[in-house]
Amino acid sequence: MTPPRVLTIAGSDSGGGAGIQADLRTMFACGVHGCVALTAATVQNSLGVTGVHEIPADVVAAQIVSVVSDIGVQAAKTGMLASAAIIEAITPALDSVGIGRGRVPFVVDPVSASMHGDQLLADSALDALKGLLFPRATLVTPNLDEVRLITGIAVKDRAGQRDAAVALHELGPEWVLVKGGHMWDDPECLDLLYDGRDFVELPGPRYDTTHTHGSGDTLASSISSALARGASVPEAVRFGKDFIVRSVAAAYPLGSGDGPVSPFWRLER
Ligand SMILES: Nc1ncnc2c1ncn2[C@@H]1O[C@H](COP(=O)(O)OP(=O)(O)OP(=O)(O)O)[C@@H](O)[C@H]1O
Ligand SMILES: Cc1ncc(COP(=O)(O)O)c(N)n1
């Protein structure tokens, strides 16, 4: 039987830890078929990113239309979007194929840099990200560095995490998930979900490891896979949180730097 389909609009990580490689692994492990609109090829290994080659913006948009018009998708997500030109080109493509809040669920992971601090989104693309994609998002999933870039709020504690969720929600997404992985002093990794009314806390352990490469992509892809299967946003986020905790626990060393989280704990069971 044909499984549900999920589209990722994201970059390639040549080291295989993050980006579309993490997305496709996760979707496979979650039992959905993953499709790709590639935005950029990165030259990347376990130590960081040393090169980026962007795909022409019209080609990124064409991949979306090609996939959705033939294969059809039940959810879509973004990762590395690289530039304002790409965001401006994909916006009408998403609208034309019915991806976005109130239609096919759309998860915007506003990836701005790698875990090593390498820039993956041009500064000049921030306005397009906020103005074009946030209002169309079913869910946005920023980490704390992205929260600071987007809202100017430097989150230091859980009260700050709530303030940031409110500020992000005012930019137009239906739901906001403020990830707590970068709250380094916190003994837990608490992610906070907000819909403009209620806060839902998703607590989780903090494993003592640097092998967390691809954790944001894996979380957003597992959430998107659950949405494609018909879960509500709170159900999908709970599924994603459980999924990422187990994937961090199954992470492995790779190269001489930081290894990837592994979604394959799910298949080994
Ligand atoms: N050491 C850890 N142990 C357990 N869970 C973690 C750990 N680090 C991050 N997480 C979880 O992984 C998910 C991604 O969190 P994070 O805030 O690090 O986002 P991110 O920076 O986008 O991820 P990355 O850049 O590593 O792909 C969140 O659910 C977070 O709580
Ligand atoms: C192509 C691509 N997309 C996303 C990330 C973020 O992942 P991380 O923050 O774990 O480096 C990355 N490094 N590369």
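This dialogue walks through two ligand shells, two helix pairs and one annotated span.

Student: What kind of model is this, and how are residues numbered?

Tutor: It is a predicted model, where local features need pLDDT of at least 70, side-chain atom pairs count only at pLDDT 80 or more, and totals for chains, interfaces and linings use all residues. Residues are numbered from 1 along each chain as its sequence is written, while chains are lettered from A and ligands numbered from 1 in the order in which they are written.

Student: Which residues come nearest to ligand 2?

Tutor: A residue is near a molecule if its C-beta atom, placed from the backbone, lies within 6 Å of it. Of the 18 residues around ligand 2, the nearest are Gly 11, Ala 18, Gly 19, Ser 114 and Met 115.

Student: Which elements give two or more residues to that shell?

Tutor: Helices (H or I, at least four residues) and strands (E, at least two) are DSSP runs, numbered from the N terminus. Here they are strand 1 (5–13), strand 2 (33–45) and helix 7 (215–228). Strand 1 gives the most, with 4 residues.

Student: How does the shell around ligand 2 divide by class?

Tutor: Ala, Val, Leu, Ile, Met, Phe, Trp, Tyr, Cys and Pro count as nonpolar; Asp, Glu, Lys and Arg as charged; the others, Gly among them, as polar. This shell has 6 nonpolar, 10 polar and 2 charged residues.

Student: What surrounds ligand 1?

Tutor: There are 24 residues around ligand 1, and Asn 143, Lys 179, Gly 181, Cys 189 and Gly 216 come nearest. Helix 7 and helix 8 (233–249) each give two or more residues. By class, the shell holds 9 nonpolar, 10 polar and 5 charged residues.

Student: At what angle do helix 3 and helix 4 cross?

Tutor: Axes are lines fitted to C-alpha atoms, for helices over the stretch in contact, and angles run from 0 to 180 degrees between N-to-C directions. Angles under 35 degrees count as roughly parallel, over 145 as roughly antiparallel, 65 to 115 as roughly perpendicular and the rest as oblique. Helix 3 (residues 84–97) and helix 4 (residues 126–133) have axes that come within 8 Å and cross at roughly 15°. They are therefore roughly parallel to each other.

Student: What about helix 5 and helix 6?

Tutor: The axes of helix 5 (residues 144–151) and helix 6 (residues 158–169) come within 11 Å and cross at roughly 50°. So helix 5 is oblique to helix 6.

Student: Which residues does UniProt list for the domain?

Tutor: An unreviewed UniProt entry lists residues 13–261 as "domain: Pyridoxamine kinase/Phosphomethylpyrimidine kinase". Such annotations may be inferred rather than shown by experiment. The end C-alpha atoms of that span lie 14 Å apart.
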